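Reader: I should like to learn how to read a protein model, one feature at a time. Would you take me through this one?

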Amino acid sequence: MCSIDVEVIYLHDYISGLEMNVEYRKASKTDLGRCIEIRGLTQDNALNRSQLAAIGVTNSSWSPLIENGTFVGNVAVIDGSLIGFCFGDAHSGEILVLAILSGYEGYGVGKQLLNLTCSDLFSKGHAELWLAASATPVVRAHGFYRKLGWRPTNRFDDNGDELLRYTKI
């Protein structure tokens, strides 16, 4: 029998009155279509389906990597609709992507998805994780990761993104 770990967190925004139960669970290959759609709808650094395909991110390229455990991930679901996701590479310890629909940003969904995926990668034996994020302070990702303890390495990838590292405490 297969068990699926699901965590449900109740969120209430006292300013807007928004209330929601966010379900967090492991990502599966059946989530990929919606993940690709969400990636094109994010507020910052949106990439549509064709842009993702041009860099090798498709259902057919990622499905086997999720199935064989190379890519591990988690998704956030509200009322049956996927609203965010995070994936990491189990072999390299890289956080590959974190994306949240813009209407759900600021509620801790991204932080929770990142924490879950980091835990998955640490459980694979990594003592240090890494990711590439904008080095430009006006881009929200710049402050988001640093606030959560990710540290700059003063190294940059070919896209000009700064490589950040996170060490298991």
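Author: The following turns go from the overall fold to the core, the pocket and a single surface residue. Please keep in mind throughout that this is a predicted model.

Reader: Let us begin with the fold. How many helices and strands does the protein chain have, and in which order do the elements run?

Author: The protein chain has five helices and eight strands. Read from the N terminus, their order is β-β-α-α-α-β-β-β-α-β-α-β-β. Contacts add to this picture: among those in the chain with a separation of 6 or more, 53% join residues 24 or more positions apart.

Reader: What share of the residues is buried?

Author: Of the 169 residues in the protein chain, 40% are buried. The accessible surface comes to about 9400 Å², and carbon and sulfur atoms account for 51% of that surface.

Reader: How should I read the nonpolar core?

Author: The general idea is that nonpolar side chains tend to be buried together in soluble globular proteins. In this model the largest nonpolar core has 42 residues, and F87 and W150 have the most contacts inside it. Helices and strands both contribute: α1, α3 and α4, as well as β2, β3, β4, β5 and β6, each supply at least two residues of this core.

Reader: Which residues does W150 touch, leaving aside those up to four places away in sequence?

Author: W150 touches I95, L114, C118, L129, W130, L131, Y145, L164, R165 and Y166.

Reader: Let us turn to the largest pocket. How much space lies in it, and which residues lie nearest its centre?

Author: The largest pocket holds about 1200 Å³ of space. Its lining has 44 residues, and R39, N45, V97, L98 and Y145 lie nearest the centre. By type, the lining divides into 28 nonpolar, eight polar and eight charged residues.

Reader: Which element gives the most to this lining?

Author: Strand β5 gives the most, with six residues. Among the elements that each supply at least two lining residues are α1, α4 and α5 (140–147).

Reader: Finally, a single residue: is S60 buried or exposed, and why?

Author: A residue counts as exposed when its relative accessible area is over 50%. S60 has 62% relative accessibility, and therefore counts as exposed. This residue is found in helix α3. As for its place in space, the C-alpha atoms of S60 and K29 are separated by 9.3 Å, while the two residues are 31 residues apart along the chain.

Note on methods: Residues are numbered from 1 along each chain as its sequence is written. This is a predicted model: local features need pLDDT of at least 70, side-chain atom pairs count only at pLDDT 80 or more; totals for chains, interfaces and linings use all residues. Side-chain values use heavy atoms; hydrogens and water are left out. A nonpolar core is a set of buried Ala, Val, Leu, Ile, Met, Phe, Trp, Tyr and Cys residues joined through side-chain atoms within 4.5 Å. Buried means under 20% relative accessible area, exposed over 50%, partly exposed in between (1.4 Å probe, protein chains only). Helices (H or I, at least four residues) and strands (E, at least two) are DSSP runs, numbered from the N terminus. Contact means heavy atoms within 4.5 Å. Accessible areas come from the Shrake-Rupley method with a 1.4 Å probe; for residues, only the protein chains shown count as cover. On a 1 Å grid over the protein atoms alone, a cavity is a set of points where a 1.4 Å probe fits but cannot get out, and a pocket is an open set with protein on both sides within 12 Å along at least five of seven lines; lining residues have an atom within 4 Å of a point. Grid points are joined across faces, edges and corners, and a volume is the space filled by probe spheres set on the points. Ala, Val, Leu, Ile, Met, Phe, Trp, Tyr, Cys and Pro count as nonpolar, Asp, Glu, Lys and Arg as charged, and the others, Gly among them, as polar.
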